[in-house]
Amino acid sequence: SKETYNYFILKKGNDQFYSAAWMQFHADRHHEYVSPPRTLLFTDRSLYRPGQIIFFKGLHLDHGKNNIPKIRTAASLTIRLIDVNGNEVTKKAVVTSEFGTFAGEFAIPMSGLKGSYSIMIGDDYIHQIQVEEYKRPKFEVLMDTVKESFVAGDDLIFSGSVMSFSGVPLDKIQANYRVVRTERVLYFPCWYFYRGHHFSPKEEEIENASLTTDANGKFSIKVKSTKFEEGSVDLQKVYQYRLTIDAIDKNGETQSGESSLQVSNNPFVLKTNLKNVMISSQLKSLQVETENLNAAKVDADLEIKIYELVAPKEAFRPRLFAKPDVFKYTKEEYKSWFPYDVYKDEDDMSTWTVKSTVFQKEVKSNGIVDLDLSSICSSTSYKIEIVAKRNGKVVELKDYFSVLYAKEQYTYLTPMLYQ
């Protein structure tokens with residue numbers, strides 16, 4: 001077959017390259033691809049009432065050599081207005097000017113359907129507008145800004161007010177609200193995805209109830225935050241509590257508000273700019289950041305340690321399947337059949353032996369610390385441990401990385417893993 005999938009090894013002298021994925025090669029497909037004509041269309045606004053006029057203007061483009069856009073003049077186009085059911089409401093024929101532009105208008109029928117309308121050129125979708133029988137809002141829901149940081153187990157307070165646009169507070173307004181908790185991660189260490197992990201956020205409804213605003217148009221909602229699940233603190237996870245509230249006045253008008261709070265086992269987070277593989281020039285600026293849950297920089301006392309690891313002496317081809325739960329064959333048997341493949345966890349840097357401590361420093365941080373490790377780290381793999389202390393709270397971060405120098409050879413790295 002002229003078209004097939006391949007997995008290959010390239011060798012030149014003492015250098016070897018192991019492809020990290022199946023690759024497909026195509027024959028006889030070297031012709032130049034030319035993009036089709038393209039139209040940019042704009043309307044005077046995005047929301048209309050039935051019976052109003054839609055004013056539109058557009059620019060029609062073609063593609064010449066090397067797919068460079070150019071204006072298309074004297075082109076005949078048919079602009080169509082399509083309703084929510086896909087039926088044509090009206091259409092208009094236009095011809096582009098010497099600048100490639102065109103303009104026109106549509107009248108929306110008074111008795112037409114409401115919802116999302118599309119503007120099309122021929123059969124190509126170009127632009128979307130909304131047709132609704134809307135009214136000017138008379139009041140709004142204002143949520144108070146929260147500046148505090150919270151830890152798991154604290155009471156969370158969502159507060160706000162319902163005000164008319166003239167500044168008058170609205171009392172005795174009925175409102176329905178919902179509080180949802182979502183599990184999030186503020187920072188992923190570089191080892192996380194390298195080991196094949198995938199994070200799926202969990203969402204859970206905490207409260208669904210109603211309330212009435214007081215004499216000053218204010219409301220307050222108290223929610224008890226919960227402790228984190230066992231073992232979940234390793235990734236510096238947070239729980240985000242999101243409140244949505246719908247207030248309804250005596251005329252039936254509904255306005256909404258939204259607010260969110262983040263809760264963690266610790267009131268601040270540790271981050272670095274480490275990558276799984278660091279080029280030697282990148283070691284001149286290793287940054288360690290301390291942030292609160294609102295991503296604002298905070299000061300902390302840091303203790304940083306870097307350990308050199310004993311790297312394996314052979315290269316590993318990346319897994320083509322998930323790590324098995326049960327190992328039927330011994331390592332010796334498996335390696336006799338697949339000498340380049342990982343048997344168990346040989347490619348997991350967290351299992352490698354520590355050879356020595358190459359760096360240790362205590363430093364006071366005002367939110368960010370910049371370290372130069374270019375004269376300390378050589379071409380091998382390392383483990384970094386950072387302990388941050390602030391207001392009696394302690395946050396720890398462990399990560400792993402390798403260092404590459406362009407002119408050196410490596411017996412244990414697979415280049416395609418570190419592009």
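The following exercises, with worked solutions, concern a predicted model.

**Exercise 1. Strand pairing around β20**

Determine which strands pair with β20 and in what sense.

Solution. Begin with strand β17, residues 174–185, which pairs with β20, residues 237–248, in the antiparallel sense over twelve bridges. Within this pairing, N176 stands opposite D246 of β20. Next, consider strand β21, residues 254–264: eleven bridges join β21 to β20, and these two strands also run antiparallel. Here L243 has S259 in β21 as its bridge partner. Finally, examine the connection between β20 and β21. The two strands form a hairpin with five residues between them, and G252 in the turn has a positive phi of about 90°.

**Exercise 2. The environment of T182**

Classify T182 as buried or exposed, and state which residues T182 is in contact with beyond its neighbours within four places in sequence.

Solution. First, locate the residue: T182 lies in strand β17. Second, apply the cut-off: T182 has 11% relative accessibility, and buried means under 20%, so T182 counts as buried. Third, list the contacts, leaving aside neighbours within four places in sequence: P201, K202, E203, V238, Y239, Q240 and R242.

**Exercise 3. A nonpolar surface patch**

Identify which residues form a nonpolar patch on the surface with Y329, and classify F338 by its accessibility.

Solution. Y329 is joined by W337 and F338 in the patch; together the three residues have about 320 Å² of accessible area. F338 is located in the loop between α2 (331–337) and β26 (354–365). The relative accessibility of F338 is 38%, which falls between the limits of 20% and 50%; F338 therefore counts as partly exposed.

Notes. Residues numbered from 1 in each chain as written. Predicted model: local features only at pLDDT ≥ 70, side-chain atom pairs only at ≥ 80, totals over all residues. Heavy atoms only, no water. Patch = residues over 30% accessible without salt bridge, like charges linked within 9 Å, V, L, I, M, F, W, Y side chains within 5 Å. Areas by Shrake-Rupley, 256 points an atom, 1.4 Å probe, with all protein chains shown as cover. Salt bridge = Lys/Arg side-chain N within 4 Å of Asp/Glu carboxyl O. Helix = DSSP H or I, 4+ residues; strand = E, 2+ residues; numbered from the N terminus. Buried < 20%, exposed > 50% of the residue type's maximum accessible area, 1.4 Å probe, protein only. Pairing = 2+ DSSP bridges. Contact = heavy atoms within 4.5 Å.
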